[in-house]
Amino acid sequence: MKCFFQYALLILLFVACDSHRPDGWYHLSDNGIPSFRPIAEVNDFKEVRLDSMARGDGEMIYYIAGCLTEDATVDFYDATCKVIGKQIAFVFEDSVICAPQVNQGIESGNFGISINDARLAYRIWGALKKTIATIQNIGIE
């Protein structure tokens with residue numbers, strides 16, 4: 001019986017310590033670790049677009065431009081006002097993809113994600129579009 005409780009406690013600890021973060025924007029600590037609570041999750045995204053451009057050295061940069069829903073925009077503005085001069089992070093599949101510095105509160109709800117890897121950019125964009133379409137109950141092209 002004692003072993004049963006030990007195993008039950010161990011399983012409970014593993015479940016409670018699950019550090020999976022939903023995809024989205026997070027505060028970034030001074031040591032580079034995203035907070036556990038997101039500023040804005042993908043469920044708060046209204047739309048995303050993918051673009052690319054060549055840098056001066058000929059390398060391509062991929063850019064996912066997006067905007068938040070009206071409700072999420074207010075919370076995003078408040079959250080970004082609190083971290084002016086610090087970084088926030090876009091997390092996808094538990095990895096920090098980019099971590100821009102916040103220079104002022106982001107009032108518009110618009111955001112950008114810069115990525116150097118084409119395959120990763122298309123994978124993220126596709127996943128975001130699919131989630132947004134599911135939430136908005138529309139088909140994707």
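## The largest pocket

Let's start with the empty space. The largest pocket in this predicted model has a volume of about 250 Å³. Rolling a probe the size of a water molecule over the atoms shows where empty space is left. Here, on a 1 Å grid over the protein atoms alone, a pocket is an open set of points where a 1.4 Å probe fits, with protein on both sides within 12 Å along at least five of seven lines. Grid points are joined across faces, edges and corners, and the volume is the space filled by probe spheres set on the points.

Who lines this pocket? The lining residues (those with an atom within 4 Å of a point) are His27, Arg37, Pro38, Ile39, Ala40, Asp44, Asp71, Ala72, Asp75, Asp78, Ala79 and Lys82. They split into six charged, five nonpolar and one polar. For that split, Ala, Val, Leu, Ile, Met, Phe, Trp, Tyr, Cys and Pro count as nonpolar, Asp, Glu, Lys and Arg as charged, and the others, Gly among them, as polar. Helix α2 gives the most to the lining, with five residues, and β2 also supplies at least two.

## The overall layout

The chain has three helices and seven strands, in the order α-β-β-β-β-α-β-β-β-α from the N terminus. Helices (H or I, at least four residues) and strands (E, at least two) are DSSP runs, numbered from the N terminus. Of the 141 residues, 29% are buried, where buried means under 20% relative accessible area, exposed over 50%, and partly exposed in between (1.4 Å probe, protein chains only).

A note on the numbers: residues are numbered from 1 along each chain as its sequence is written. Local features need pLDDT of at least 70, side-chain atom pairs count only at pLDDT 80 or more, totals for chains, interfaces and linings use all residues, and side-chain values use heavy atoms, with hydrogens and water left out.

## The nonpolar core

In soluble globular proteins, nonpolar side chains tend to be buried together. The largest nonpolar core here has 25 residues, and Trp25, Phe45, Phe90, Ile113 and Leu128 have the most contacts inside it. Such a core is a set of buried Ala, Val, Leu, Ile, Met, Phe, Trp, Tyr and Cys residues joined through side-chain atoms within 4.5 Å. Seven elements, β2, β3, β4, α2, β5, β7 and α3, each supply at least two of its residues, and α3 gives the most, with four.

Take Phe90 as an example. Leaving aside neighbours within four places in sequence, its contacts (heavy atoms within 4.5 Å) include Trp25, Phe45, Ile113 and Leu128.

## A hairpin and a loop

Strands β3 and β4 run antiparallel and are joined by nine bridges; two strands pair if DSSP finds at least two bridges between them. Glu47 stands opposite Cys67 in β4. The hairpin has five residues between its strands, and one of its residues, Gly58, takes a positive phi near 90°.

Most residues other than glycine have a negative phi, and most peptide bonds are trans. Now look at the loop between β5 and β6, where Glu93 sits. Glu93 has a positive phi of about 50°, and Asp94, in that loop too, has a positive phi near 65°. Glu93 is partly exposed at 44% relative accessible area, and Asp94 is partly exposed at 42%.
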